[in-house]
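Here are my comments on the model you asked me to look over, set out as numbered points. Please read them with the sequence and the structure open beside you.

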Amino acid sequence: MSIPLILAGLITGILLGVFGSGGSIVTTPALLYLLHVEPKSAIAMSLGIVAITATITAWQHWLRGNVNLKITAIFGLFGVAGTYAGALIGVITPVVIQLGVFALVMYAAAWKMIKPQPQHKSVGAAAVDCPGGYCDELRYGHIALHGIAVGVLTGVVGVGGGFLIVPALVLLSGLSMKQAVGTSLSIVALKSFAGFAGYAGAVAIDYRMMALFTAIAVSGSIAGSLLSHHLPADLLKKGFGAFLLLVASYILFKSVLFN
């Protein structure tokens, strides 16, 4: 078992546990650049690794009351359909386009998380006015549309989509950051399984490497889940945004501009 595999697995798990996303953002580049897996295979394997890891981590968050099952069902149902369709598109999409879109969307998500939020009901007051961190008057149509859009992106570029789901849940549904993290994990798990199913059989997959990576990631995710319970929400948001900026820049320059 190589050192890069161990480090990448631990970082993947910790990010999923702390931020409710970021697993594929680490897993895909690690498989590509550290473990030298072919791009489309790396995308497929990343989805499988994140699917299993996110499922276990979501369970940890659910035990603490940080998973909104109603939103998971709506976002997840439409997200699964979008992800499966996106995976079928991803199989025939040029790799440079996949990675370029991946980086640009990460920039957009980072900006959403880092910029100061106006003090209106959907972000600040909603978490206070709505017991449990969410309201009954959710915009189900918007949540469903976001589920489809994020799902298609998940399938095309091989990300669990959590770095888009978390901002959407905070800004759209009025969830607190910690509720958004837990709910995001449950949605990421559903969509990642669907994305992996779309790639399975169409690209080569190293199941042994995937199993080892997943086992290490699960250990990291349990530690990350425990850590997230004790971190301030604002620190989580800004740290997550800064991480996205760094990884997006690396992917853009390494695989798109100087490929």
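1. Pro232 has a relative accessible area of 49% and therefore counts as partly exposed, since the exposed class begins only over 50%. In this model, which is a predicted one, Pro232 sits in the loop between α10 and α11. The C-alpha atoms of Pro232 and Met177 are 9.1 Å apart in space, although 55 residues separate the two in sequence.

2. Leu231 belongs to the loop between α10 and α11 as well, with α11 covering residues 233–257. The relative accessibility of Leu231 is 22%, and because buried means under 20%, Leu231 is classed as partly exposed. Leaving aside residues up to four places away in sequence, Leu231 touches Val18, Lys178 and Leu236. Of these contacts, the one with Val18 links positions 213 residues apart in sequence, with a C-alpha to C-alpha distance of 8.7 Å.

3. Val18 is one of the buried residues of α1, a list that also includes Leu5, Ala8, Leu15, Leu16 and Phe19. Is Gly17, which lies in helix α1, buried or exposed? Its relative accessible area is 0%, so Gly17 is buried. From Gly17 to His61 the C-alpha distance is 8.5 Å, while the separation in sequence is 44 residues. As for the geometry of the helix itself, α1 runs over residues 3–19, and its 17 residues should span 24 Å at 1.5 Å a residue; the end C-alpha atoms are 24 Å apart, which agrees.

4. The next helix, α2, can be checked in the same manner: its 12 residues should span 16 Å at 1.5 Å a residue, and the end C-alpha atoms are found 15 Å apart, which agrees. Because 10 of the 12 residues of α2 are buried, this helix is largely enclosed by the rest of the structure. Among the buried residues of α2 are Gly23, Ile25, Val26, Pro29, Leu31 and Leu32.

5. A backbone feature that you may wish to look at comes just after α2, where His36 takes a positive phi of about 60 degrees, although His36 is not a glycine. The residue is placed in the loop between α2 (23–34) and α3. With a relative accessible area of 66%, His36 is exposed, because the cut-off for that class is over 50%.

6. How many aromatic pairs does a search of the whole structure find? The search gives 1 such pair. It is formed by Trp59 and Trp62, whose ring centres are 5.1 Å apart and whose planes meet at 25 degrees, so the pair is stacked, the limit for that class being under 30 degrees. Both tryptophans lie in helix α3, 3 residues apart, which is about one turn of the helix. An α-helix has 3.6 residues a turn, so residues three or four places apart point the same way. Trp59 is partly exposed, with a relative accessible area of 49%, and Trp62, at 40% relative accessibility, also counts as partly exposed.

7. On the surface, Ile52, Ile56, Phe193, Ile222 and Leu226 form a nonpolar patch, and together these residues have about 390 Å² of accessible area. The elements that contribute two or more residues to the patch are α3 (39–63) and α10 (207–228). Phe193 comes from helix α9, residues 177–199, and with a relative accessible area of 43% Phe193 is partly exposed.

8. For the protein as a whole, the model contains 11 helices and 0 strands, and every element in the order from the N terminus is accordingly an α. Of the 259 residues, 55% count as buried. The accessible surface comes to about 10600 Å², and 74% of this surface belongs to carbon and sulfur atoms.

9. A last point concerns contacts between residues at least 6 apart in sequence: 84% of these contacts join residues at least 24 apart. The contact of Leu231 with Val18, already mentioned in the second point, is one example of residues brought together across the sequence, with their positions 213 residues apart in the chain numbering.

Terms used:
Residues are numbered from 1 along each chain as its sequence is written. This is a predicted model: local features need pLDDT of at least 70, side-chain atom pairs count only at pLDDT 80 or more; totals for chains, interfaces and linings use all residues. Side-chain values use heavy atoms; hydrogens and water are left out. Helices (H or I, at least four residues) and strands (E, at least two) are DSSP runs, numbered from the N terminus. Buried means under 20% relative accessible area, exposed over 50%, partly exposed in between (1.4 Å probe, protein chains only). Contact means heavy atoms within 4.5 Å. Accessible areas come from the Shrake-Rupley method with a 1.4 Å probe; for residues, only the protein chains shown count as cover. Patches are made of residues with over 30% relative accessible area and no salt bridge: like charges are joined within 9 Å, nonpolar side chains (Val, Leu, Ile, Met, Phe, Trp, Tyr) within 5 Å. A salt bridge is a side-chain nitrogen of Lys or Arg within 4 Å of a carboxyl oxygen of Asp or Glu. The expected span of a helix is 1.5 Å times one less than its number of residues. Rings of Phe, Tyr and Trp (its six-membered ring) pair if their centres lie within 6.5 Å; planes under 30 degrees apart count as stacked, over 60 as edge-to-face and the rest as tilted.
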